[in-house]
Amino acid sequence: MVQTRKSSRVATGSTDNVKETQIPSKSRKRSTLDEGSTGQDKSSRTKRRKKDELETPSYSDRVSSPWKIGAHVSAAGGIEKAVHNAAVIGANAFALFVKSQRKWTSPPLSPDSIEKFKSQMNTLGYSSSHVLPHGSYLINLGNPDEEKREKSYQCFLDDLQRCELLGLELYNFHPGSTVGQATKEESISLIAASLNRAHKATSSVVTVIENMAGAGNIIGSLFEDLAGIIRQVEDKSRVGVCLDTCHMFAAVSGFSRVSNVQLTDFCRAMIYRLKKAGISDFDTHIGLSYLRGLHMNDSKTPLASKKDRHENIGMGHLGLRAFHHIVTDPRLQNIPLVLETPSFETTEIWTKEIEVLNRLSDLHGQDESALLEGLSDEIKKVVQSKSNSKPPKKSGGGARKKRHNAKDSEEEDELDEA
Ligand SMILES: [Zn+2]
Ligand SMILES: [Zn+2]
């Protein structure tokens with residue numbers, strides 16, 4: 001246990017004060033246009049209608065729920081676009097990159113972009129505590145090579161400063177890798193030292209460490225790794241943890257003894273990994289008050305694979321039941337629960353996954369297999385139709401997101417080189 005701090009977030013069962021949905025309505029705008037159109041010639045009316053349709057976004061309904069479900073959306077074309085992209089899929093939380101995740105440096109955020117981002121957050125009713133920006137994939141604060149680590153630190157600090165400019169509270173990053181040149185303990189101390197330095201150079205953003213699948217020399221597949229970092233962080237109010245369900249499932253060790261048992265239940269799987277239910281064990285090792293978000297990913301590869309391969313919800317080895325546990329667990333309310341599943345360049349898949357997960361929250365104590373199977377099928381149908389009909393784009397923001405999806409699986413391998 002790192003430090004016991006009672007969280008006010010835990011098990012309150014209450015919703016927060018976020019303005020849920022103040023979304024401009026397409027139909028409302030259209031009727032205003034019609035009223036004002038008397039006396040206009042038909043072609044200008046048609047033109048205006050066309051323009052209005054282009055400019056008026058179509059948003060999915062957002063349900064009011066204490067479980068804040070969303071996805072890692074694209075910020076291509078301006079950081080403010082991310083807020084819009086979240087609203088389009090009915091997300092109550094979202095993740096984004098605050099700069100290109102594969103470049104060491106990017107142009108600064110323009111004051112105009114920052115202003116638009118903040119105003120979109122306000123208009124669309126998002127709370128900054130439900131936004132979980134994701135750090136650059138290049139950053140490795142655990143690298144024993146001083147020059148390389150300094151380069152990572154500068155990139156990390158720049159990310160944190162961007163978050164603060166945008167009024168965001170959280171920042172999620174991968175802990176790092178020993179690159180085979182240091183012991184785990186040495187790298188853990190280097191990571192903690194960078195966090196302490198970054199906390200002094202910034203004012204408020206909370207650095208949220210992500211658990212990893214456990215490939216190569218990567219740090220963070222064990223709760224003990226994360227606890228080891230947190231223990232050495234001076235300002236405990238500036239550090240948190242984000243749990244990725246796929247990474248947790250992949251990182252399970254010692255499973256060979258029961259290799260013939262087919263486990264799809266997240267909690268049962270975690271028994272092998274953690275001796276008891278995953279979240280309770282997290283509380284014992286780290287402390288629930290540190291849990292600031294979840295990455296909601298099913299896994300393409302089986303338990304203990306040590307591979308980071310995200311699958312759509314209910315279509316992988318975790319299964320929908322695992323996610324039912326999550327979205328009915330009161331300890332996981334009011335933190336961002338973010339999908340990083342394949343979207344195939346469409347909005348429909350995430351919209352469907354979010355809708356199904358929100359419906360699962362209402363199935364208290366009813367986890368009948370048939371019901372869950374039916375809901376899984378709903379997701380599967382959308383995924384199958386969209387993955388067949390939409391080939392990946394060659395350029396633009398969509399392509400960038402596609403790369404995130406495809407490459408996300410390789411992010412650990414990549415980090416191992418950094
Ligand atoms: Zn990640
Ligand atoms: Zn991953």
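This note goes through the fold, the sheet, one strand residue, one helix and the core of a predicted model.

1. **Overall make-up.** The protein has 15 helices and eleven strands. Of its 418 residues, 46% are buried. Long-range contacts feature strongly in the count: among contacts between residues at least 6 apart in sequence, 78% join residues at least 24 apart.

2. **The sheet.** Seven strands form an open sheet. Read across, the order is β2-β1-β11-β8-β7-β5-β3, and the pairing is parallel. The edges belong to β2 (93-95) and β3 (170-173). Each has a single partner strand, so one side of each is left without a neighbour in the sheet. From one strand to the next, the twist averages 30°.

3. **The β1 end.** Strand β1 covers residues 68-72 and runs parallel to β2, joined to it by three bridges. Within this pair, Ala71 stands opposite Phe94 of β2. Helix α12 (residues 348-361) packs on the sheet here, touching β1 and β11 (336-339). The direction of α12 makes about 160° with that of β1.

4. **Gly240.** This glycine lies in strand β7, residues 239-244. Is Gly240 buried or exposed? It is buried, because 24 C-beta neighbours fall inside 10 Å and the cut-off for a buried residue is 20 or more. Leaving out residues up to four places away in sequence, Gly240 touches Val206, Val208, Tyr290, Leu291 and Arg292. Take Leu291: 51 residues separate it from Gly240 in sequence, yet the C-alpha to C-alpha distance is 5.8 Å.

5. **Helix α7.** Residues 223-231 make up this helix, which is mostly covered. Seven of its nine residues are buried. They are Phe223, Asp225, Leu226, Ala227, Gly228, Ile229 and Ile230. Note that an aspartate, Asp225, is on that list.

6. **The core.** The largest nonpolar core holds 101 residues. Which residues have the most contacts inside it? They are Phe94, Val241, Phe323, Leu337 and Val338. Phe94 is the β2 residue opposite Ala71. Val241 falls within the β7 range, 239-244. Leu337 and Val338 fall within the β11 range, 336-339.

7. **Phe323.** Which residues does Phe323 contact, leaving aside neighbours within four places in sequence? The partners are Met296, Ile313, Leu357 and Leu360. Two of these, Leu357 and Leu360, fall within the α12 range, 348-361. That is the helix that packs on the sheet against β1 and β11.

Definitions and conventions
Residues are numbered from 1 along each chain as its sequence is written. Chains are lettered from A and ligands numbered from 1 in the order in which they are written. This is a predicted model: local features need pLDDT of at least 70, side-chain atom pairs count only at pLDDT 80 or more; totals for chains, interfaces and linings use all residues. Two strands pair if DSSP finds at least two bridges between them. Helices (H or I, at least four residues) and strands (E, at least two) are DSSP runs, numbered from the N terminus. Axes are lines fitted to C-alpha atoms, for helices over the stretch in contact, and angles run from 0 to 180 degrees between N-to-C directions. Two residues are in contact if their C-beta atoms, placed from the backbone, lie within 7 Å. A residue is buried if 20 or more other C-beta atoms lie within 10 Å of its own, exposed if 12 or fewer, and partly exposed in between; C-beta atoms are placed from the backbone. A nonpolar core is a set of buried Ala, Val, Leu, Ile, Met, Phe, Trp, Tyr and Cys residues joined through C-beta atoms within 7 Å.
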